[in-house]
Amino acid sequence: MKTLWQHCHVATMAQGNYSIIEDAAMVTAGSLIEWIGPRSQVPTADYAQVHDLQGAWVTPGLIDCHTHTVFGGNRSGEFEQRLEGVSYAEIAAKGGGIASTVRATRAATEDELFASAHKRLRSLLRDGVTTVEIKSGYGLDLVNERKMLRVARRLGEALPVSVRATCLAAHALPPEYKDRADDYIDHICAEMLPALAAEGLVDAVDAFCEYLAFSTEQVERVFKVAGQLGLPVKLHAEQLSSLHGSSLAARYHALSADHLEFMTEEDAIAMAASGTVAVLLPGAFYFLRETQLPPMDALRKHGVKIAIASDLNPGTSPALSVRLMLNMACTLFRMTPEEALAGATQHAATALGMGDTHGSLEVGKVADFVAWQIDRPADLAYWLGGELDKRVVRHGVDVTV
């Protein structure tokens with residue numbers, strides 16, 4: 001069963017750039033791309049379906065490679081308090097901050113977490129997202145981390161989206177382990193990760209390496225256990241200070257190191273050598289009104305692949321649009337629209353370990369794409385808000401959300 005998609009222009013993103021084919025066509029066979037090229041060279045065949053894309057610009061489906069979509073509660077009240085002059089420390093002292101999200105997540109049932117996350121994820125899908133990563137990290141004990149990861153799996157079954165589930169148990173210190181960070185890391189390594197991996201709930205392991213979270217030594221212990229379990233790693237690193245967590249991630253051939261505002265050129269060199277992707281999160285940078293920019297010149301100089309993601313979470317990036325992140329990457333980090341789109345397609349796929357199958361429109365890859373009614377690919381990073389007219393295809397089939 002072959003399907004022909006024609007009368008379009010394609011930004012394949014095959015080389016991490018637009019790689020444009022004008023007046024193009026694409027042939028899909030089941031869920032895969034069988035042929036792509038100029039419409040004048042379409043292979044002769046008995047096509048089961050022929051679709052006229054009406055001059056649309058076709059790109060790979062967008063990939064959001066860093067989200068915390070599953071969580072309980074709502075922290076918009078804290079956002080309002082901060083704008084009224086209340087400090088984060090004061091909010092945290094009263095039980096706010098991440099502690100409030102942990103309490104709400106633990107109190108919510110699996111079905112309640114699924115229902116709220118389903119709404120948020122549908123917003124991302126309406127923006128052209130076909131693949132998403134979802135982290136745990138608001139449960140901070142085995143029962144509730146399992147609950148979050150089960151919800152992530154359910155979302156991938158209920159919606160037309162490929163979901164990668166990441167265990168972020170080393171996100172923060174739970175209240176029952178106050179002042180006992182090493183004991184909590186022991187618990188993650190000896191009990192949580194082995195159990196969750198055995199249940200098939202984990203695709204990758206993440207940690208938060210920061211002075212207010214976990215040290216490089218503690219993170220390394222988590223990475224070693226992940227390796228023993230055959231799981232790839234990634235890391236929240238260099239968001240608030242320089243601990244060289246990104247270099248640690250590179251030593252363990254991590255899929256990605258994320259945030260990176262305070263990374264050094266030496267970190268960039270290490271990441272380039274290991275192939276670790278730099279995932280930049282402009283939503284958090286914007287929401288926290290940060291001023292320390294990621295070292296864009298060093299990343300470009302050393303050829304580090306740069307991905308862009310929403311960091312959707314209740315505290316520092318309540319972002320429901322990857323397209324808005326593309327614009328922020330351009331305006332805040334001075335990326336080009338082409339770099340930003342590569343960051344939400346080809347490089348985002350690599351950051352999830354899916355670069356061989358997703359992220360670009362090439363023969364043999366999965367037929368996830370969006371046909372946008374736009375004038376040029378740069379429009380995806382240009383327009384602020386709203387829904388652009390489009391047609392979303394996942395695994396070779398039209399989808400609606």
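Which residue's side chain meets Arg391 in a salt bridge? A few points may help you find your way around this predicted model.

1. Asp398 is the partner: its side chain and that of Arg391 meet in a salt bridge, at 2.7 Å from N to O. Asp398 is partly exposed, with 35% relative accessibility, and Arg391 is partly exposed too, at 26%.

2. That pair belongs to a wider set, as the structure holds 24 salt bridges. Among them, Glu387 and Lys390 meet through their side chains at 3.7 Å, N to O. Glu387 counts as exposed because its relative accessible area is 55%, whereas Lys390, at 25%, is partly exposed.

3. Do take a look at Lys365, whose side chain forms a salt bridge with that of Glu362 (3.5 Å, N to O). Lys365 has 7% relative accessibility, so it counts as buried. Glu362 is partly exposed, with a relative accessible area of 27%.

4. Salt bridges also link up into a network, which joins Glu110, Asp111, Arg150 and Arg154.

5. Turning to the interior, you will find 1 cavity of 30 Å³ or more. The largest cavity has about 50 Å³ of space. Its lining includes Pro60, Gly61, Thr130, His358 and Asp368. By class, 3 nonpolar, 5 polar and 1 charged residues make up this lining.

6. On the surface, Tyr211, Leu212 and Leu243 make a nonpolar patch of about 320 Å². Leu212 sits in the loop between strand 8 (204–209) and helix 7 (216–228). Leu212 counts as exposed because its relative accessibility is 51%, and the cut-off for exposed is over 50%.

Notes: Residues are numbered from 1 along each chain as its sequence is written. This is a predicted model: local features need pLDDT of at least 70, side-chain atom pairs count only at pLDDT 80 or more; totals for chains, interfaces and linings use all residues. Side-chain values use heavy atoms; hydrogens and water are left out. Patches are made of residues with over 30% relative accessible area and no salt bridge: like charges are joined within 9 Å, nonpolar side chains (Val, Leu, Ile, Met, Phe, Trp, Tyr) within 5 Å. Accessible areas come from the Shrake-Rupley method with a 1.4 Å probe; for residues, only the protein chains shown count as cover. A salt bridge is a side-chain nitrogen of Lys or Arg within 4 Å of a carboxyl oxygen of Asp or Glu. Helices (H or I, at least four residues) and strands (E, at least two) are DSSP runs, numbered from the N terminus. Buried means under 20% relative accessible area, exposed over 50%, partly exposed in between (1.4 Å probe, protein chains only). On a 1 Å grid over the protein atoms alone, a cavity is a set of points where a 1.4 Å probe fits but cannot get out, and a pocket is an open set with protein on both sides within 12 Å along at least five of seven lines; lining residues have an atom within 4 Å of a point. Grid points are joined across faces, edges and corners, and a volume is the space filled by probe spheres set on the points. Ala, Val, Leu, Ile, Met, Phe, Trp, Tyr, Cys and Pro count as nonpolar, Asp, Glu, Lys and Arg as charged, and the others, Gly among them, as polar.
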